[in-house]
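These are my notebook entries on one protein structure. I looked up selected helices and a few single residues, and I recorded what I found.

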Amino acid sequence: MSEGENIGMSSCCLSGALHEGKPTGRVDNIGGLDTYIAEPKGGSKIKSVVFISDIFGWEFPNTRLLADEYALAGFYTYVPDFHQGDSLPISFLQNIEPPLKKREQLSVTEKATNAAAVPTTLGPWLVRHREAVSRPLIDGFINAVRMTPGTDKIGAVGFCWGGRYAILQAHGVDLATPGKVGGVDAAFAAHPSLVAVPGDFDPVSRPLSLAFGTKDSLLDTETRGKIMDLMAKKKGVAHEIRLYEDQVHGFALRSDWSSEKDKEAMDQATRQGIEWMEKYLRSGKE
């Protein structure tokens, strides 16, 4: 674990809405991991993007639908199963904590029941997927993509649990550690959780875009301020931090589409990530 204050998880990580639509990509095995692949028109791998999913994993429809959007924008997009078949079930979206407006209608007893379920659900899962287990998988996959013929630039796009690992990939290529490379050319992280401040941000050396909700219980105003101050000192590293008014944790992937404001926030975050990749994954081979 990186040094610094570590911001934990709460029931917000288990909240959100399931989106409608049918993913159009395919499944393959890349670097030993089952992977959803969304290909751009023409199938070019020159600009490749690796999604690092939230706790609901690579099969979560919202994640695959979003990967399809990146493919439409011209990126060869990978969604690997970094949880190795152990993602949390989608049923938790409604059973543990429903969307915000439904949550406000719950009784005190119902809220207490939901809160009690969080440590028993998340605690063991986080132990199984701790950094010592997950980061080598992610680094290894990035290495496999980098060695894939036709690949030039690689970006990491992460959400919630995966958001932190996208930030770690923005530390750059590790040439000092034998057998370990990893690192991407640019990264985008939406509502990252379990981040260590300042430990995860001090080593950032690649372009990094961050999307935060102002009502994210995992990144309060003080924590966001610390991150913004840290990144502001990185004069030689391209970065941006966008705040989304009244958005809770998970908004960029699991917004409630019945709310126009929430859907617009998700759409804006999608554009933020795509535009960042378009700017920093430019290749002379195109």
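The entries below go through two helix pairs and three single residues.

**Entry 1. Status of the model**

I note at the outset that this is a predicted model.

**Entry 2. Helix α5**

I began with α5, which runs over residues 131–146. I found that α5 has 16 residues and spans 22 Å from its first C-alpha to its last. This is close to the 22 Å expected at 1.5 Å a residue.

I then looked up which residues of α5 are buried. The list comprises E131, S134, R135, I138, D139, F141, I142, N143, A144 and V145. Next I asked myself: against which elements do the buried residues of α5 pack? I recorded the strands β2 (26–30), β3 (33–38), β4 (47–52), β5 (76–80) and β6 (153–159), together with the helix α6 (161–169).

**Entry 3. α5 against α6**

I examined this helix pair in more detail. The axes of α5 and α6 are 11 Å apart, and the two helices pack at an angle of about 60 degrees. An angle from 35 up to 65 degrees falls outside the parallel and perpendicular classes, and α5 and α6 are therefore oblique to each other. I noted their crossing as right-handed.

On the α5 side, the residues that meet α6 are E131, S134, R135, I138, D139 and I142. On the α6 side, I listed W161, R164, Y165, L168 and Q169. By class, the residues of this contact are five nonpolar, two polar and four charged.

**Entry 4. H129, ahead of α5**

I located H129 in the loop between α4 (108–128) and α5. Is H129 buried or exposed? Its relative accessibility is 6%, which is under the 20% cut-off, so H129 counts as buried. Leaving out residues up to four places away in sequence, I found that H129 touches H83, D86, S134, W161 and Y165. I noted that S134 belongs to the α5 side of the contact in Entry 3, and that W161 and Y165 belong to the α6 side.

**Entry 5. Helix α1**

I turned to α1, which covers residues 61–72. This helix has 12 residues and reaches 17 Å between its first and last C-alpha, close to the 16 Å expected at 1.5 Å a residue. Nine of the 12 residues are buried, so α1 is largely enclosed by the rest of the structure. I wrote them down as N62, T63, R64, L65, L66, A67, D68, Y70 and A71. After α1 comes G74, which has a positive phi near 110 degrees.

**Entry 6. α1 against α9**

I looked up how α1 meets α9, the helix of residues 260–280. Their axes come within 11 Å and cross at roughly 40 degrees. That makes α1 oblique to α9, and the crossing is right-handed. L66, E69 and Y70 in α1 meet T270, G273, I274 and M277 in α9. I counted this contact by class as four nonpolar, two polar and one charged residues.

**Entry 7. D262 in α9**

I found D262 in helix α9. Its relative accessibility is 22%, so D262 counts as partly exposed. Apart from neighbours within four places in sequence, D262 is in contact with Q247, S255 and D256. I also noted V248, which is 14 residues from D262 in sequence and 9.4 Å away in space, C-alpha to C-alpha.

**Entry 8. G236**

My last residue was G236, in the loop between α7 (221–232) and β10 (239–244). At 79% relative accessibility, G236 counts as exposed. G236 and P207 are 29 residues apart in sequence, and their C-alpha atoms are 9.6 Å apart.

Methods: Residues are numbered from 1 along each chain as its sequence is written. This is a predicted model: local features need pLDDT of at least 70, side-chain atom pairs count only at pLDDT 80 or more; totals for chains, interfaces and linings use all residues. Side-chain values use heavy atoms; hydrogens and water are left out. Helices (H or I, at least four residues) and strands (E, at least two) are DSSP runs, numbered from the N terminus. Buried means under 20% relative accessible area, exposed over 50%, partly exposed in between (1.4 Å probe, protein chains only). Contact means heavy atoms within 4.5 Å. The expected span of a helix is 1.5 Å times one less than its number of residues. Axes are lines fitted to C-alpha atoms, for helices over the stretch in contact, and angles run from 0 to 180 degrees between N-to-C directions. Angles under 35 degrees count as roughly parallel, over 145 as roughly antiparallel, 65 to 115 as roughly perpendicular and the rest as oblique. A crossing is left-handed if the near helix is turned anticlockwise from the far one by less than a right angle, and right-handed if clockwise. Ala, Val, Leu, Ile, Met, Phe, Trp, Tyr, Cys and Pro count as nonpolar, Asp, Glu, Lys and Arg as charged, and the others, Gly among them, as polar.
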